[in-house]
Amino acid sequence: LNVFPNPTSEQVQFIFAKEQGTIEIKIYSVLGNEIKTIQGTEKSTTLSVQNFPQGLYLYKIFQNQTLINEGKFVKE
């Protein structure tokens with residue numbers, strides 16, 4: 001998984017090495033509050049972060065309710 005660009009100011013792309021099927025990406029604040037959930041079915045999924053405050057965000061990616069990847073990105 002490649003998360004680009006990171007840090008970002010407008011949008012972040014989650015780019016997979018291969019097509020994943022249906023996935024769910026959950027975005028969390030550093031305090032653990034769920035901010036947003038998006039669905040994806042392609043090799044890459046784009047998330048707009050223009051309305052997010054500056055800071056560090058955590059993401060978790062699920063497929064069939066199983067955690068398959070997690071990480072963080074910075075909103076400038």
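These are my notebook entries on a predicted model.

**Aromatic pairs**

I began with the rings. I recorded 3 aromatic pairs. F14 and Y59 form one that is edge-to-face. I read 5.1 Å centre to centre and 75° between the planes. That angle is over 60, so the label edge-to-face applies.

I then looked up where the two residues sit. F14 is in strand β2, residues 11-15. Y59 is in strand β6, residues 55-63. The two are 45 residues apart, and the pair links distant parts of the chain. Are F14 and Y59 buried or exposed? I noted both F14 and Y59 as buried.

Next I took F52 and Y57. Their ring centres are 5.2 Å apart and the planes meet at 55°, so I entered this pair as tilted. F52 is buried, and Y57 is buried too. Which residues do ring pairs link into a cluster? I wrote down F52, Y57 and F73.

**Lysines over rings**

I checked charges against ring faces. K26 lies over the face of F62, and I noted 6.0 Å from the ring centre. The charged end of K60 sits over the ring of Y28, at 5.8 Å from its centre.

I stayed with K26. I placed K26 in strand β3. Is K26 buried or exposed? Its relative accessibility is 19%, so K26 counts as buried. The cut-off for buried is under 20%. I then listed its contacts, leaving out residues up to four places away in sequence. K26 touches E34, K36, T37, L58, Y59, K60 and F62. F62, the ring under K26, is thus among these contacts.

**E70**

I moved on to E70, in strand β7, residues 66-75. Its relative accessible area is 47%, so I entered E70 as partly exposed. Which residues does E70 touch, not counting those up to four places away in sequence? I found Y59 and K60. Y59 I had already met as the ring partner of F14, and K60 as the lysine over Y28. I also looked up E70 against I27. They are 43 residues apart in sequence. In space they are 9.8 Å apart, C-alpha to C-alpha.

**Surface patch**

I turned to the surface. V30, L31, L56, L58 and V74 form a nonpolar patch there. Together they have about 440 Å² of accessible area. L58 is also one of the residues that K26 touches. I looked at V30 by itself. V30 lies in the loop between β3 (23-29) and β4 (34-40). Its relative accessible area is 52%, so V30 is exposed.

**Backbone**

Last, I went through the peptide bonds and phi values. Where did I find cis peptide bonds? One runs from F4 to P5, with omega near -15°. Another joins N6 and P7, with omega about 10°. P5 is in the loop between β1 (2-4) and β2. I placed P7 in the loop between β1 and β2 as well.

Then I noted positive phi values in residues other than glycine. N64 has phi near 55°, and Q65 has phi near 65°. I found N64 in the loop between β6 and β7. Q65 is also in the loop between β6 and β7. Are N64 and Q65 buried or exposed? N64 has a relative accessible area of 71%, so I marked N64 as exposed. Q65 comes to 80% relative accessibility, and I marked Q65 as exposed too.

Note on methods
Residues numbered from 1 in each chain as written. Predicted model: local features only at pLDDT ≥ 70, side-chain atom pairs only at ≥ 80, totals over all residues. Heavy atoms only, no water. Patch = residues over 30% accessible without salt bridge, like charges linked within 9 Å, V, L, I, M, F, W, Y side chains within 5 Å. Areas by Shrake-Rupley, 256 points an atom, 1.4 Å probe, with all protein chains shown as cover. Salt bridge = Lys/Arg side-chain N within 4 Å of Asp/Glu carboxyl O. Helix = DSSP H or I, 4+ residues; strand = E, 2+ residues; numbered from the N terminus. Buried < 20%, exposed > 50% of the residue type's maximum accessible area, 1.4 Å probe, protein only. Phe/Tyr/Trp six-rings, centres within 6.5 Å; stacked < 30°, edge-to-face > 60°. Lys NZ or Arg CZ within 6 Å of the ring centre and 35° of its normal. Contact = heavy atoms within 4.5 Å.
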